[in-house]
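Hi,

Here is the structure I promised to pass on to you. Have a look at it first, and then read on for what turned up.

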Amino acid sequence: MENNEFVRYASIVHIIREMNKSGYILGKTALVKLVYLLQERYNVPMGYDFSLYTYGPFAKEILDDLDYLSFLDAAKVMWNNGGYNILPGKELVMEDISEKAKSFIDKYGATISNIVKEFGKLHAKSLELITTIHYVVNDYKENNIKFTKEDISKLIHEIKPYFSQQDILNKINELETEKLITLD
């Protein structure tokens with residue numbers, strides 16, 4: 001069995017590589033949301049514990065892992081125009097980390113790549129709304145709370161008033177159609 005930290009590090013390295021290869025900009029908020037989707041929607045077992053926070057689901061350990069990867073030179077985290085830009089680090093270091101979680105990356109690498117293809121082009125704010133809806137719907141379902149789309153929209157609007165209830169409802173419908181969430 002592979003070390004859980006290296007599974008997490010290798011997953012982040014894979015996301016960074018894929019985002020860079022696709023020409024997408026990766027910031028800290030987007031990284032957290034992509035990891036959330038991988039783990040919570042696509043069942044990639046990364047071992048993070050998410051809670052609802054200012055910009056949606058959040059796990060501090062992701063940023064701790066990113067800091068460690070930056071320390072190792074496996075990632076470059078740079079401040080750029082009011083936000084962070086995460087770029088690949090030294091190839092040998094990245095390869096060493098990936099090798100330490102080889103069977104995990106062999107099993108889940110395609111899923112990670114697909115997440116980047118599907119969601120990597122989205123702005124952090126869009127990812128924030130998608131992951132917040134997913135988090136709230138799943139939280140309600142896990143706690144056996146009966147709800148409607150309107151209930152979810154109202155709650156998220158109260159938490160994030162910069163999203164209109166109609167925009168939230170539209171996104172809920174879109175996510176349901178794309179089978180990213182299920183409401184029953």
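**Two asparagines and a helix pair**

At 78% relative accessibility, N81 lies over the 50% cut-off and therefore counts as exposed. Please keep in mind that this is a predicted model. You will find N81 in the loop between β3 (75-80) and β4 (83-88). Its backbone is worth a look too: N81 is not a glycine, yet its phi is positive, at about 50°.

Now move along the chain to N144, which sits in the loop between α6 and α7 (149-159). Here again a residue other than glycine has a positive phi, and for N144 the value is near 55°. Is N144 buried or exposed? With a relative accessibility of 69%, N144 counts as exposed.

The other thing to show you is a pair of helices. How do α6 and α8 cross? Helix α6 covers residues 124-142 and helix α8 covers residues 165-177; their axes come within 10 Å and cross at roughly 70°. Because of that angle, α6 is roughly perpendicular to α8.

Which residues make the contact? From α6 they are L129, I130 and I133, while α8 brings in D167, I168, K171, I172 and L175. Sorted by class, the contact of α6 with α8 has 6 nonpolar and 2 charged residues, with no polar ones.

To find your way around, you could start at the loop between β3 and β4 that holds N81, go on to N144 in the loop between α6 and α7, and end where the axes of α6 and α8 cross.

Best wishes

Key:
Residues numbered from 1 in each chain as written. Predicted model: local features only at pLDDT ≥ 70, side-chain atom pairs only at ≥ 80, totals over all residues. Heavy atoms only, no water. Axes fitted to C-alpha atoms, helices over the stretch in contact; angles between N-to-C directions. Helix = DSSP H or I, 4+ residues; strand = E, 2+ residues; numbered from the N terminus. Parallel < 35°, antiparallel > 145°, perpendicular 65-115°, else oblique. Contact = heavy atoms within 4.5 Å. Nonpolar A, V, L, I, M, F, W, Y, C, P; charged D, E, K, R; others polar. Buried < 20%, exposed > 50% of the residue type's maximum accessible area, 1.4 Å probe, protein only.
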